[in-house]
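Me: I have a model open and would like to learn how to read it feature by feature. Could you walk me through it?

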Amino acid sequence: MSKSKTSSSSWLPQFNPGDRVEISSDEPGFRGSWFAGTVIRREAKNPNRYVVEYDKLYEDESGEKLLQETVDWVELRPPPPPPEKKKVQLKFGDEVEAFHSDGWWEGAITAEHADGKFAVFFRSSKEQIVFEEKELRLRREWVEGKWEPPFEQRQREKERSQEKADSRPSKLAKRESSSVNNAKSQRTNSTKVGKGEKLSEPEAKPNPPEEVVKFTQGMQVEVTTDDEGFQGAWFAATIIEPSGEDKFLIEYKTLTNEDDTEFLREEIRTCHIRPCPPKTIIVDGFKVMDEVDAYYNECWWVGVIAKVLINCKYMVYFKDTDEKITFKQADLRPHQDWLNGKWVVPSKALKQ
């Protein structure tokens, strides 16, 4: 998808000089993070842009001057309200934000430990890090002046799901943490310096063998890639054969070679392969803020329903490219994440 910056909305936030905010970024290595800062001023020529100053990021290595940047309003939100007095129990599969290197990073809980800590997986860097409960907060989105999902609603959902949570297999609490120290990070090219560094946790211990899917010849799968412009996209493919350690030769079902004479074959690492998601029947259609996969340019891209249109069509918002595209319902499916050998359905959230 081509990147087209749009900020069309009937609702625009109003931030004033001195307002405390959290700041997001499109820079590689910082996507999915929120850093605390203060609004300095609003641009006179473009009222949709603000000058902000970070609390913990600096202009250079000396750490003497705090970093100031001009950002679009879609990259700002007020700090979330303080935690409720009634404690909300975190559990496997919860979408959370973890405090790491002076910022809050979006992830999902993939394991609960007996000592009360939680393993959190970060899609952007493909890392898993262990955190104490006090370093986590439930992920919420600032949508048109409201926090989604509402705090009270989430609390009720937690209470209703408690009985089911208590019946989960005890093995979830016995899983060890994993920190992928070799995960890709492009932070080193960023102008932001200070403690806002790449996600890493040197004290984390590798996972013991878990529920590993055995990929076999002829198996239908989906594969992803780190190629520029295709991060986060999933292509349908078939396993041809093993190809060395931790790799498989696959054949794409929609991509062809340069001559367009046969389907493209490629060696893919196991960590970039997953089973095909289970099919789900959508009876009442999608709703605004449903997270979906949209079939576009021969592959599946994760997005969020931004608007329900007529004739079973939907406008889908793509966070990574900040664009909206209209799809038929037949070209959409509910989004699911493949984590630790399980399909996890994320919470509904729209990143404006």
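**Reading the model together**

Reply: Happy to. Let's begin with one residue: Arg265 has a relative accessible area of 46%, so Arg265 is partly exposed. Keep in mind that this is a predicted model.

Me: What does Arg265 pair with in a salt bridge?

Reply: The general idea is that side chains of opposite charge can pair when their charged atoms come close. Here the side chain of Arg265 meets that of Glu251 in a salt bridge, 2.9 Å from N to O. Glu251 sits in strand 16 (residues 247–256) and Arg265 in strand 17, so the pair ties together parts that are 14 residues apart in sequence. Glu251 counts as partly exposed because its relative accessibility is 21%, and the cut-off for buried is under 20%.

Me: Which residues are joined into one network by salt bridges that share partners?

Reply: They are Glu95, Glu106, Arg139, Glu141 and Lys319. Let's look at Arg139. Its side chain forms a salt bridge with that of Glu95, at 2.6 Å from N to O. This pair links distant parts of the chain, 44 residues apart: Arg139 is in the loop between strand 10 (136–138) and strand 11 (141–143), while Glu95 is in strand 6 (residues 95–100). Arg139 also forms a salt bridge with Glu106, where the closest N and O atoms are 3.7 Å apart. Glu106 belongs to strand 7 (residues 103–112) and Arg139 to the loop between strand 10 and strand 11, so this pair ties together parts that are 33 residues apart in sequence.

Me: Are Arg139 and Glu95 buried or exposed?

Reply: Both are buried, and Glu106 is buried as well. In total, the model has 16 salt bridges.

Me: How should I read a sheet, and in what order do the five strands of the open sheet run?

Reply: Follow the strands from one neighbour to the next. The order is 17-16-15-14-18, with antiparallel pairing. Strand 17 (263–269) and strand 18 (273–275) are the edges; each has a single partner strand, so one side of each is left without a neighbour in the sheet. On average, neighbouring strands here are turned by 45 degrees against each other, ignoring direction. For a closer look, take strand 14 (residues 220–223), which pairs with strand 18 in the antiparallel sense over three bridges. Val223 has Ile273 of strand 18 as its bridge partner.

Me: Now the interior. How many residues does the largest nonpolar core have?

Reply: In soluble globular proteins, nonpolar side chains tend to be buried together. The largest nonpolar core in this model has 28 residues, and Leu76 and Leu136 have the most contacts inside it. Strand 3 (residues 49–58) gives the most to this core, with four residues. Leaving aside residues up to four places away in sequence, Leu76 touches several residues, including Phe15, Trp34 and Val52. There is also a second, separate core of 24 residues, with Val221, Ala233, Ala294 and Leu332 among them.

Me: Why does Gln128 count as buried?

Reply: Gln128 is buried because its relative accessible area is 5%. This residue of strand 9 (residues 127–131) makes a side-chain polar contact with the side chain of Thr110, at 2.5 Å.

Me: And which residue's C-alpha atom is 5.6 Å from that of Glu291?

Reply: That is His335, 44 residues away from Glu291 along the chain. Glu291 lies in strand 19 (residues 291–296) and counts as buried, at 15% relative accessibility.

Terms used:
Residues numbered from 1 in each chain as written. Predicted model: local features only at pLDDT ≥ 70, side-chain atom pairs only at ≥ 80, totals over all residues. Heavy atoms only, no water. Helix = DSSP H or I, 4+ residues; strand = E, 2+ residues; numbered from the N terminus. Buried < 20%, exposed > 50% of the residue type's maximum accessible area, 1.4 Å probe, protein only. Pairing = 2+ DSSP bridges. Axes fitted to C-alpha atoms, helices over the stretch in contact; angles between N-to-C directions. Polar contact = N/O pair within 3.5 Å; in protein donor to acceptor, adjacent residues only side chain to side chain. Core = buried A, V, L, I, M, F, W, Y, C linked by side-chain atoms within 4.5 Å. Contact = heavy atoms within 4.5 Å. Salt bridge = Lys/Arg side-chain N within 4 Å of Asp/Glu carboxyl O.
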